[in-house]
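This note is written for a colleague who is meeting the structure for the first time. Please read it with the sequence and the model at hand.

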Amino acid sequence: MVSLHPLIDNGLTKGSDSFAGGKLRCHCQSNPVEVTLSGNVAHNHACGCSKCWKPKGALFSVVAVISRDQLSVTANENKLKIVDNSATILRNACKDCGVHLFGRIEKDHAFKGLDFVHVELSNEKGWQEPQFAAFVSSIIEQGFEASRIDEVREKFKSVGLESYDALSPPLMDAIATWTAKQSGN
Ligand SMILES: N[C@@H](CCC(=O)N[C@@H](CS)C(=O)NCC(=O)O)C(=O)O
Ligand SMILES: [Zn+2]
Ligand SMILES: [Zn+2]
């Protein structure tokens, strides 16, 4: 069976509604970058795009959002570097281990105000579980055999996740609604 991500391969662990947040740490053995989240995440999902950070060996990233005012860098901020300044989501990665600690949107965008984070960087239990799989076909661009993509979609289905080739319909609708307002429609 194809391996998608450690948080997905063996079935999902449901999050806790009362979970109050926790800390994320990069993979450095010494002086890890630490980010503190003062609440649970939302819209957690698998992302197959080439820009989201994936753990070694995984085909997908697992990425969620949290309000930027609920995120603070609480240790070793000096090790953070923006991966690509031209991207919509400015991904802040550890210069030493390459792990992405958070992504932030500074330009006008439907999701400005939300930061993108990977809950697997935390030891705490209770984070919202993945809700859907996004940008599934994008893994083909990175070399995954197109003829095997159905195995991937079936695996997501077997753990209860819908597959999409962009974001989920409610999130695409939210972006489209924002775009319509911007253009006065
Ligand atoms: N097929 C492209 C899709 C990239 C893409 O559109 N990623 C989405 C999901 S993270 C996005 O919102 N990107 C904005 C950004 O990366 O700044 C790839 O794999 O690179
Ligand atoms: Zn690091
Ligand atoms: Zn992505």
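The points below take up the two zinc sites and then the surroundings of ligand 1.

1. Status of the model. The structure is a predicted model, and the distances and angles that follow should be read accordingly.

2. The zinc ion (ligand 2). Four cysteines supply the protein donors here: Cys26, Cys28, Cys94 and Cys97, each through its SG atom, at 2.3 to 2.4 Å from the metal. Along the sequence these donor residues follow the spacing C-x1-C-x65-C-x2-C. The 4 donor atoms subtend angles of 105 to 115 degrees, and the site is tetrahedral.

3. The zinc ion (ligand 3). The protein donors of this ion are the SG atoms of Cys47, Cys49 and Cys52, lying 2.3 to 2.4 Å from it. Their sequence spacing reads C-x1-C-x2-C. The site has 4 donor atoms with angles of 95 to 122 degrees among them, and it too is classed as tetrahedral.

4. The shell of ligand 1. The residues around ligand 1 include Cys47, Cys49 and Cys52, which are also the protein donors of the zinc ion (ligand 3). Ser50, Lys51, Ala87, Ile89, Phe135 and Ser138 are also among the surrounding residues. By class, the shell holds 6 nonpolar, 3 polar and 3 charged residues.

5. Polar contacts of ligand 1. A polar side-chain atom of Arg91 is 2.8 Å from an oxygen atom of the ligand. Another contact runs from a polar backbone atom of Thr88 to an oxygen atom of ligand 1, at 3.1 Å. On the side of Glu141, a side-chain N or O atom lies 3.0 Å from a nitrogen atom of the ligand. Of the 500 Å² of accessible area that ligand 1 has on its own, the protein covers 75%.

6. The pocket. Ligand 1 takes up the space of the largest pocket.

Methods
Residues are numbered from 1 along each chain as its sequence is written. Chains are lettered from A and ligands numbered from 1 in the order in which they are written. This is a predicted model: local features need pLDDT of at least 70, side-chain atom pairs count only at pLDDT 80 or more; totals for chains, interfaces and linings use all residues. Side-chain values use heavy atoms; hydrogens and water are left out. A residue is near a molecule or strand if one of its heavy atoms lies within 4 Å of it. A polar contact is a pair of N or O atoms within 3.5 Å; within protein, one must be able to donate a hydrogen and the other to accept it, and residues adjacent in sequence count only if both atoms are side-chain atoms. Accessible areas come from the Shrake-Rupley method with a 1.4 Å probe; for residues, only the protein chains shown count as cover. On a 1 Å grid over the protein atoms alone, a cavity is a set of points where a 1.4 Å probe fits but cannot get out, and a pocket is an open set with protein on both sides within 12 Å along at least five of seven lines; lining residues have an atom within 4 Å of a point. A molecule sits in a cavity or pocket if more than half of its atoms lie within 2 Å of its grid points. Ala, Val, Leu, Ile, Met, Phe, Trp, Tyr, Cys and Pro count as nonpolar, Asp, Glu, Lys and Arg as charged, and the others, Gly among them, as polar. Donors are N, O and S atoms within 2.8 Å of the metal (3.2 Å for Na, K and Ca); water is not among the atoms, so sites may look incomplete. Four donors count as tetrahedral if all angles lie between 85 and 135 degrees; four count as square planar and six as octahedral if opposite donors are over 155 degrees apart and all others between 65 and 115; anything else is irregular.
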